[in-house]
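User: I should like to study one part of this structure closely, namely the metal site and its surroundings. Please take me through it step by step.

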Amino acid sequence: MEALEYVEQHRERFLSELAQLLSFPSVSTDPAYREGVAACAQWLMEHLHTLQPTRVELFPTAGHPLIYAEWQRSPELPTVLIYGHYDVQPPDPLELWETPPFEPTLRNGCIYARGATDNKGQFFTHVKALEYFIRTAGAPPLNVKLLLEGEEEIGSVHLQEFLQHNAELLRCTAVLISDTAMYQDDLPTLCYGLRGLCYLEVTVRTAAADLHSGVFGGVVDNAITVLCRILSGLRDGYGRVTIPGFYDAVAELTPEERQALEELPFDAAQLRAQLGAPILFGEVGRNVLERRWTRPTLDINGIIGGYTGSGAKTVLPAQASAKLSMRLVPYQDAEDIAAKAEAAIRALTPPTAQVEIRRLHGANPVLIPLQSPPMQAARRALRRVFGREPVFVREGGTIPVVEWMQRTFGVPIVLMGLGLDHEGAHAPNEHFHLKNFLRGIVASVEFLREYARTHEP
Ligand code: BES
Ligand code: MN
């Protein structure tokens with residue numbers, strides 16, 4: 001039976017299984033959801049058991065568990081390692097959801113729930129592709145390994161160590177990940193570059209405790225004011241980062257890349273309207289796609305300090321902190337940038353304050369060669385499924401495992417995005433288009449087949 005037919009026949013069950021997967025509040029960042037993460041991992045373990053893996057195992061970590069399964073056929077055949085993450089972002093702000101984030105709902109041809117597109121709906125396409133092979137042919141056409149992480153949204157803090165200690169277990173000839181986006185609806189897309197991330201928390205102290213601003217204002221500095229001055233010293237009005245040495249390693253686009261980028265259909269006015277921004281922002285002389293995918297940024301993600309309750313309080317805050325992150329591009333290095341940022345922050349701190357800087361997490365940017373056999377197999381598979389030539393894009397987001405796998409295993413990677421930019425990842429009313437869920441299953445089947453067929457040892 002063909003994959004499309006199988007998918008159509010089992011559509012209702014696939015959707016109800018996806019809804020079950022989405023009903024677990026597997027929020028990795030907040031300890032209050034610990035049970036939700038564990039229950040989700042347990043459900044996945046049970047689900048994978050039904051697919052006759054030759055091995056399936058839950059690996060506890062110091063944080064949330066990793067799930068590993070394999071369908072081992074023969075050492076002669078190529079091996080695809082599929083990666084996904086079952087943890088999700090917090091659902092807040094809850095009041096902006098039209099239906100509750102962990103009560104998956106079908107409407108407008110989409111499934112709505114936290115994690116629908118990022119990343120449960122996307123990785124589940126591969127699980128269902130495996131089911132297709134197992135139920136119709138007994139096994140996939142090559143060796144398959146599946147690694148599902150529970151900490152991607154918090155920087156994959158325990159994954160690097162796991163990769164280092166389990167290189168043999170994870171040995172493969174290609175990696176397949178669906179955790180990016182299609183460039184446009186109905187336009188098949190392969191991603192060949194991701195930005196990295198350097199995440200810091202900066203805390204400023206100006207006194208041992210909060211003070212009466214009338215009694216001590218004028219003789220003790222204000223922690224919030226100091227913090228604001230430090231933060232505003234880190235980038236200019238166009239978003240250009242002013243940390244010394246920040247751009248040293250940044251590579252300009254090659255002429256071929258620039259041309260490919262300019263050939264992508266793009267409408268800045270439409271994007272502006274869609275985002276509800278008065279006017280788009282960013283570095284002068286660089287177009288939007290270039291800024292989103294190929295330029296580094298610095299953003300303040302949150303500020304904590306002082307009195308924020310209702311009414312007024314005349315307080316001189318002794319402490320204030322900010323969460324600050326920088327998106328990195330080739331060939332910046334997360335450690336090097338962290339050190340440069342720390343030096344800049346210290347240099348901007350006046351003698352009236354003390355500053356403490358914590359590194360929360362980091363990941364390097366990555367560029368993936370387009371010519372690898374699995375990438376080309378993916379291109380042919382997508383062309384067949386979508387009836388259109390796929391586009392190659394870079395993306396602005398970060399998936400830490402990609403750079404680690406490329407660097408430590410030297411293995412070719414395929415980023416086959418099935419989501420869309422406007423599906424509300426990390427935002428209220430996250431959803432995933434059912435047609436892409438179903439087509440994604442077929443695309444995964446076709447990719448595994450095509451790669452198995454054309455792989456040369
Ligand atoms: N799926 C995203 C990564 C992504 C987003 C890739 C958009 C391409 C386009 C992933 O789940 C994610 O959100 N990653 C975090 C990583 C961080 C916590 C280390 C991110 O980019 O903020
Ligand atoms: Mn995410």
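Analyst: The account below begins with the metal site, continues with the bound ligand, and ends with some backbone details.

The structure is a predicted model. The manganese ion (ligand 2) has as its protein donors Asp118 (OD), Glu153 (OE), Glu153 (OE) and His426 (NE2). These donors lie 2.0 to 2.6 Å from the ion. Along the sequence, the donor residues follow the spacing D-x34-E-x272-H. Glu153 belongs to the loop between strand E6 (143–149) and helix H5 (159–165), while His426 belongs to the loop between strand E19 (419–420) and strand E20 (431–433), so the pair ties together parts that are 273 residues apart in sequence.

The geometry of the site may be described next. The manganese ion (ligand 2) has 6 donor atoms, the angles among them run from 54 to 157°, and the site is irregular. Two of the donor residues can also be described by their accessibility. Glu153 has a relative accessible area of 14% and is buried because the cut-off for that term is under 20%. His426, with a relative accessible area of 44%, is partly exposed.

Ligand 1 is the next topic. There are 16 residues around ligand 1, and those that come nearest are Asp118, Glu152, Asp179, Arg327 and Thr398. Asp118 is also among the protein donors of the manganese ion (ligand 2). The shell around ligand 1 consists of 3 nonpolar, 7 polar and 6 charged residues.

Several polar atoms face one another here. An oxygen atom of ligand 1 lies 2.8 Å from a polar side-chain atom of Glu152. The side chain of Glu153 has an N or O atom 3.1 Å from an oxygen atom of ligand 1. At Thr398, a polar backbone atom is 2.8 Å from a nitrogen atom of ligand 1. Ligand 1 taken alone exposes 520 Å², of which the protein buries 86%.

Finally, the backbone deserves attention. Most peptide bonds are trans, and most residues other than glycine have a negative phi. The peptide bond from Asp118 to Asn119, however, is cis, with omega near 10°. Asn119 has its place in helix H4 (residues 116–137). Ser156 is a residue other than glycine, yet its phi is positive, near 50°. Ser156 is found in the loop between E6 and H5, and the loop between these two elements also holds the donor residue Glu153. With 0% relative accessibility, Ser156 counts as buried.

How values were computed:
Residues numbered from 1 in each chain as written. Chains lettered and ligands numbered in written order. Predicted model: local features only at pLDDT ≥ 70, side-chain atom pairs only at ≥ 80, totals over all residues. Heavy atoms only, no water. Donors = N, O, S within 2.8 Å, 3.2 Å for Na, K, Ca; no water. Tetrahedral: all angles 85-135°; square planar, octahedral: opposite > 155°, others 65-115°. Helix = DSSP H or I, 4+ residues; strand = E, 2+ residues; numbered from the N terminus. Buried < 20%, exposed > 50% of the residue type's maximum accessible area, 1.4 Å probe, protein only. Near = heavy atom within 4 Å. Polar contact = N/O pair within 3.5 Å; in protein donor to acceptor, adjacent residues only side chain to side chain. Areas by Shrake-Rupley, 256 points an atom, 1.4 Å probe, with all protein chains shown as cover. Nonpolar A, V, L, I, M, F, W, Y, C, P; charged D, E, K, R; others polar.
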